[in-house]
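Let's take a walk through this chain together, starting with the overall picture and then moving in on a few spots worth a closer look. Keep the structure open beside you as you read.

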Amino acid sequence: MFTLAEVASLNDIQPTYRILKPWWDVFMDYLAVVMLMVAIFAGTMQLTKDQVVCLPVLQSTVNSKAQPGDFTTVETTTGQGEETTTVSFGSAPTVTPNIPLSRATSSQYPPTESGQELKKEQKDSLGRKTNLDFQQYVFINQMCYHLALPWYSKYFPYLVLIHTIILIVSSNFWFKYPKTCSKIEHFVSILGKCFESPWTTKALSETACEDSEENKQRLTGAQSLPKYVSTSSDEGSPSASTPMITKSGFKFSADKPMIEVPSVTILDKKDGEQAKALFEKVRKFRAHVEDSDLIYKLYVGQTVIKTVKFIFILCYTANFVNTISFEHICNPKVEHLIGYTQFECTHNMAYMLKKLLISYISLICVYGFICLYTLFWLFRIPLKEYSFEKVREESSFSDIPDVKNDFAFLLHMVDQYDQLYSKRFGVFLSEVSENKLREISLNHEWTFEKLRQHVSRNAQDKQELHLFMLSGVPDAVFDLTDLDVLKLELIPEAKIPPKISQMTNLQELHLYHCPAKVEQTAFSFLRDHLRCLHVKFTDVAEIPAWVYLLKNLRELYLIGNLNSENNKMIGLESLRELRHLKILHVKSNLTKIPPNITDVAPHLTKLVIHNDGTKLVVLNSLKKMTNVAELELQNCELERIPHAIFSLSNLQELDLKSNSIRTIEEIISFQHLKRLTCLKLWHNKIVNIPSSITHIKNLESLYLSNNKLESLPAAVFSLQKLRCLDVSYNSIALIPVEIGLLQNLQHFHITGNKVDVLPKQLFKCVKLRTLSLGQNCITSIPDKVSQLVQLTHLELKGNCLDRLPATLGQCQLLRKSGLVVEDHLFDALPSEVKEVLNQDTSIPFANGI
C-alpha cells in the first residue's frame, strides 16, 4: 500500500507556479488530496480489519424434517478418558470440538465396548457428524472471501487510489511536459521579476510626474470631478495592495491646481540595468511564445481527460454501490472436504466501505462539476487573445500591445490569481515605458559635466558635440547654450524637446540614422534658427517630415538610398518649402536628377550629387538651375561632359571627379560659361587635353590629376588667369617651357609622373607658393629655385636627387615643415641653410587658394 507522502509527491508543484493555478485547479487539488485520504483510509482498514465469517447452510431436505426445538444430547467417554458432548439442533450438523478431525473420521485403535455403544448412540441421533475444526473454518473464510465477495468490495481502495493519481497527473501535466514546462518556467521567472522591479513603481511615478502638465490641463478642465480630489503614488517594493500605475502624481483642487512632485527619484544604475534586461527578456519571450498555442491545447486536453474520467468513474461506480453488502452466499465446491456445499458469509467492512464509497462519489461529483465549469471557461471567451485595454486606460502607456496564443493564455491564467500581475507585466511590453526607462538612465549617466567634456572644436573653429549610439538625447545637452554643431548618430529614439530653444548659437544639426522627433515649440525654434542640416538614412522614410518645413534652412545634406522601388515618393518632392535653401548635397544612387528638385532650383547656388557608381543618365533638370554656381557630379559613371551643364550661365566651379570620361572635346562649349573659374576633371580616363581649352579665358583652377595624360599642350599655358594646375599621377614626361607664361600660377602639382628635367622657365613663375614634384625622375634642382620667394611648400621626395641646392635658403617663406624630402638630403645642406629652414616664423600667406 502507498503512503500519503509517496503519493503526494505527484502533486508537488513548485510554489512559484501557484500564480498559474486558478481557483478551480487549487480546489481540485484539495479534492484529490481528500480522495487520496479516502483511498488510504479504506485500504488501511481493509488490511487490518477486513474479515469474512462464513457458516454452513443445511440442505433443504434435512431442514424440512428438523424441528426448531428438537435436540439430543449424547455424553460419551473415550478410552483415553476424554469426555465428549454432542448437541444436535434438529438436523443441524453435530459439532464435536473436543474430537480431533483424524479421530472423528477414523480410529487406528480397535473398537472397544464403550466405542461400540457411542457409535450406536450416534446412529440414533438426527444430526450429521461433520468433524469441522478451527482450521476448516479459516479455510472456508479465506476461500469465500475470494469467491463470494464482489470484486468492487475488495478493490475499492485501490481503484480510488488509481483514479486519484490519474486525476492528479492530468491536473499538473502541463507543468511537467518539457515543451510547455520550459515556457512556463521562463514566464513565471520573468513575471516575478517584472512584478518586483523598482521600475514598476519608481520610474512610473516619474513618468506620471513629468506628464503632470498634460494631466493638469485635462483634469482641471473636467467638470464632472468633485471640487477636491487627490491621488498619490506609493513608493516601495511591489505588494498585492500596490497599484501598478497611478494616473497622476500630483494633488489638485478645482479652485487652484497645485502640482505635487513625488518623492521618487531616478533609478540607480543597477536597477536600471536590470529593468533594461527585463525589457529584452520580455521581448524575446513574447516572440518565442506567441508563435504557437501548445500550452492552451495541452491545458484544454487535460481538462477534457479529467471530465471524461469523471463521467467514467461516476457511471461504473453508481452500478456497484449496491454490491457492497453485509451478507453473501458462498458455494466453495469443497463438499468432499467439509460435507457442506453452501455457506452464508458476513463482510465486516461492508458498512464502512459503503459510507466511504458514497463520500467518494460525492467528491467525484464536485470534482466533475468543477471540470465542467473549467471547460465552460475555456470555451466561453477567446483565451488565445489578451487585451491590455484597461491597463492602457489607467496608465500613460497607451502603446501596450495586445498579445495572442500561449502568451495570451498564460496572462489569462495569471488574472485568475491576481490581475495586478498582468498589469505590472504589461508595462514591460510598452515601448514608451522602455524609452522612458532609457531616458531616465541616460540622464543619470550623461550629466552636464560629462557632456561638456565631449565638446570639441571642429575645422571651422565651432564648438561641436557628437553623440553616438545612445538610447536617446540627454536632457543636459540642451543646457549647452554655446554649442554651434550638434551631431546625433544611431540614436533611434531621439527626441528634441522645447528646451532646445536655449541653444541660441545652434545653427548646424547632424542626424545620422536618427529619425528624430521634434515637439512643436522645438520645431518653431529650429525653423527660425537652423541653417545647416545633415541627414543620413537607409530608407527615405527615415527622413523626418519636419525637415522639409525648415523655411530658413540654407544647407541640406542627404545621404542614403533614394533610388529604390520603395522610395518612389522621394522626399525631395517637398523641398519646395525650403525657399532659402542655397546648398543641396545628395549622396545616393540616383539614375536621374529628380524633376521635383527644380522646385528649389531658382534658389540653389550649389548642387552636389555623389553617386555610389550608379550611372546618372537623365540630366535635363540641370538646365533649370540657372543660379547654380557650384556643381559636383562625382562617381556618376559619366562618359562625356553633360551638355546640360553648358546652360548654367552662372556656373563658377565644376567638379566631375571619379567618372569614366575619356575625351573632353566638348570643353569648347565652356566658353559660354563666362564665370567658370574652376574645372575639376580628376580621377577620370582622359588621354589628352584639346587645344580648345584656351577658350576658357577666366579659368583659374584646373585639376587633371589621376588621368592618363602623356603630355601637356601649349594651349594650357595660354590661360593667363590660371592660379592652380594639378596634373599629378599621370604619365607626363616633360614640362613644357611655355609654363613660364603662367605668371599668376601659385600652385603647381605634377607629382607621380615621369619628369626628369625641370625647365628654367618654371622658376619664372615667381608667385608659386606650392610646388609638388615628388615621385618623378628628377636628378637635380636648379639654383634658380631661389627666385620662388613666395614658396611655402616644396615636395621633392621620391626623385633621383643627389643633393639640394644651397639657394633654398633664399626662399624666405620656406620652412622645414613645408619641405618634403628625404632626411639625408636635408642633412647634407649647409648648416646656415638648415638654420634658416628651421626658423619658426609666422607665415603671412595662406597655403590654400
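Take contacts between residues at least 6 apart in sequence: 57% of them join residues at least 24 apart. Bear in mind that you're looking at a predicted model. The chain runs to 849 residues, and buried ones make up 48% of them. As for secondary structure, the tally is 22 helices and 30 strands.

Before the details, here is what the record says. UniProt, in an unreviewed entry, puts the feature "transmembrane region" at residues 27-47, 155-175 and 357-379. How do two of those spans look in the model? Residues 155-175 are 100% helix and 0% strand, and the C-alpha atoms at the two ends are 31 Å apart. Residues 357-379 also come out as 100% helix and 0% strand, with 33 Å between the end C-alpha atoms.

Now find a little open sheet built from three strands, in the order β1-β9-β8, with antiparallel pairing. The edges are β1 (52-56) and β8 (327-330), each of which pairs on one side only. On average, neighbouring strands here are turned by 25 degrees against each other, ignoring direction. As a reminder, strands of a sheet pair through backbone hydrogen bonds, either parallel or antiparallel. Between β8 and β9 (residues 343-347), the antiparallel pairing runs over four bridges. If you want a landmark for the register, Glu-327 stands opposite Thr-346 in β9.

The sheet has a helix for company. Helix α6 (residues 134-147) lies across β1, β8 and β9, and it runs at about 115 degrees to β1.

This is also where the disulfides turn up. How many does the chain have? The count comes to two. One joins Cys-54 to Cys-345, with the sulfur atoms 1.9 Å apart. That link is right-handed, with 110 degrees about the S-S bond. Cys-54 sits in strand β1 and Cys-345 in strand β9, so this pair ties together parts that are 291 residues apart in sequence. Are these two cysteines buried or exposed? Cys-54 counts as buried because its relative accessibility is 1%, and Cys-345 counts as buried at 1% too.

The other disulfide is formed by Cys-144 and Cys-330, whose sulfur atoms are 2.0 Å apart. This link is left-handed, at -85 degrees about the S-S bond. It also connects distant parts of the chain, with Cys-144 in helix α6 and Cys-330 in strand β8, 186 residues apart. Both Cys-144 and Cys-330 are buried. Count the bonded cysteines along the chain and the disulfides follow the pattern 1-4, 2-3.

What about cysteines elsewhere? Why does Cys-724 not bond with Cys-678? The sulfur of Cys-724 has its closest cysteine sulfur in Cys-678, but that is 7.7 Å away, so it is too far for a bond. Cys-724 counts as buried, at 2% relative accessibility. Cys-532 counts as buried as well, at 7% relative accessibility.

While you're still around the sheet, have a look at Gly-339. This glycine lies in the loop between α13 (335-338) and β9. With a relative accessible area of 22%, Gly-339 is partly exposed. Its C-alpha atom is separated by 9.3 Å from that of Pro-56, although the two residues are 283 apart along the chain.

Finally, on to the nonpolar cores. In soluble globular proteins, nonpolar side chains tend to be buried together. Which residues touch the most other members of the largest core here? In that set of 131 residues, they are Phe-670 and Phe-748. The biggest giver to this core is helix α20 (residues 520-529), with four residues. Apart from this core lies another, of 83 residues, among them Met-349, Tyr-360, Phe-407 and Leu-420.

Zoom in on Phe-748 and leave aside residues up to four places away in sequence. Its contacts include Leu-725, Val-727, Ile-735 and Ile-739. Farther along the chain, Phe-748 also touches Leu-762, Leu-768, Thr-770, Leu-771 and Ser-772.

Notes
Residues numbered from 1 in each chain as written. Predicted model: local features only at pLDDT ≥ 70, side-chain atom pairs only at ≥ 80, totals over all residues. Heavy atoms only, no water. Pairing = 2+ DSSP bridges. Axes fitted to C-alpha atoms, helices over the stretch in contact; angles between N-to-C directions. Contact = heavy atoms within 4.5 Å. Core = buried A, V, L, I, M, F, W, Y, C linked by side-chain atoms within 4.5 Å. Buried < 20%, exposed > 50% of the residue type's maximum accessible area, 1.4 Å probe, protein only. Disulfide = S-S within 2.5 Å. UniProt positions renumbered as here; feature names shortened; annotations may be inferred.
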